[in-house]
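User: I would like to go through the cavities and pockets of this model. Could we start with how residues are classed?

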Amino acid sequence: MNAIEIKSLTKTYGDFTLDNLNLILPQGTIMGLIGENGAGKSTTIKLILDMIKRDGGTVTLLGKDNKDNLRLTKEEIGVVLDDVGISECLTTAQVGKIMKLTYSNWNQETYESYLNFFSLPRKKKFKEFSRGMKMKLGIAVALSHNPKLLILDEATSGLDPVIRDEILDIFCEFTRDETHSILISSHIVSDLEKICDFVAFLHKGKLLLCEEKDALKDQYAIVRCSIEQLSNFEASAIISTKKNAYGFEVLMQRDKVPGNIEKSSVDIEQLFLFMVKEVDAK
């Protein structure tokens, strides 16, 4: 069973359209959703959670249609959105009491352990929290009711690098159970590169690609070359080019780079930027 299956999902807001999105998140894996502001990441997540009405397509969560069965599956889904959604007048202790009444699988001991891990105060009200503290509390709640699927929208934003790294370790540990899965969007692409099995690139409402992270790194390479060298490359091997003061940077299919040309590994952020440049140039 796949954790998430999205087929032909569409949504139009004014001059923006999420266009015929197709995604599959296999169970037991982590997928990173990458895209610039306005690319459609948050819209996709809101559609998955049935927070906004879709114009077309289907969304299946843990084998159930989200339109008909989201209430039945809420126990199995942990959610942290950019706006955490906790009442500003509540303390962490009060949040725990409310969640105990909300989720049948709520584990107060787990919740307390995360409050301690994140050094969150028990008596301070949510409105007095920094953004980083708010995101930590959202993550603590999401992980404390035994979910099978985590859906995270910018959940690590506002956190310092040390805490971010510790949270990424928590997410990796979460998916050691092969029934657990994560969909996470973030502007911090280096975070996604550390933990994701799959990456999906969204740009202006369109899916540019969705592939296994390691396969992408094996498939593409960066070549730095002169204009003379560039003119000798096989045209079909070139994905995108970027001119700089020293010549050209070229994103190419790795297996088609000539043997006498030095090639460099490509990271996920570089790959995304090159692909966006190529799409916008058309």
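Analyst: Ala, Val, Leu, Ile, Met, Phe, Trp, Tyr, Cys and Pro count as nonpolar, Asp, Glu, Lys and Arg as charged, and the others, Gly among them, as polar. Please note that this is a predicted model.

User: How do the residues lining the largest pocket divide by class?

Analyst: The lining of the largest pocket has 15 nonpolar, five polar and two charged residues.

User: What is the volume of the largest pocket, and which residues are closest to its centre?

Analyst: Its volume is about 490 Å³. Of the 22 residues that line the largest pocket, Leu49, Val79, Leu81, Val84 and Tyr103 are the closest to its centre.

User: Which elements each supply at least two residues of that lining?

Analyst: Strand 6 (77-80), helix 3 (92-102) and helix 5 (131-142) do so.

User: And what about the second largest pocket?

Analyst: The second largest pocket has a volume of about 160 Å³. Among its 13 lining residues, Glu36, Asn37, Gly38, Lys41 and Ser42 are the closest to the centre. Helix 1 (residues 41-48) provides the largest share of this lining, three residues. By class, the lining comprises two nonpolar, six polar and five charged residues.

User: Changing topic: how many cavities of 30 Å³ or more are there?

Analyst: The search of the whole structure finds one. The largest cavity holds about 30 Å³ of space.

User: Which residues line the largest cavity?

Analyst: The lining consists of Ile4, Ile6, Leu23, Ile24, Leu25, Met31, Ile48 and Leu183. Strand 1 (2-13) and strand 2 (16-26) are the elements that give two or more residues to it, and strand 2 gives the most, with three residues.

User: How does that lining divide by class?

Analyst: Eight residues are nonpolar, with no polar and no charged residues in the lining of the largest cavity.

Notes. Residues are numbered from 1 along each chain as its sequence is written. This is a predicted model: local features need pLDDT of at least 70, side-chain atom pairs count only at pLDDT 80 or more; totals for chains, interfaces and linings use all residues. Side-chain values use heavy atoms; hydrogens and water are left out. On a 1 Å grid over the protein atoms alone, a cavity is a set of points where a 1.4 Å probe fits but cannot get out, and a pocket is an open set with protein on both sides within 12 Å along at least five of seven lines; lining residues have an atom within 4 Å of a point. Grid points are joined across faces, edges and corners, and a volume is the space filled by probe spheres set on the points. Helices (H or I, at least four residues) and strands (E, at least two) are DSSP runs, numbered from the N terminus.
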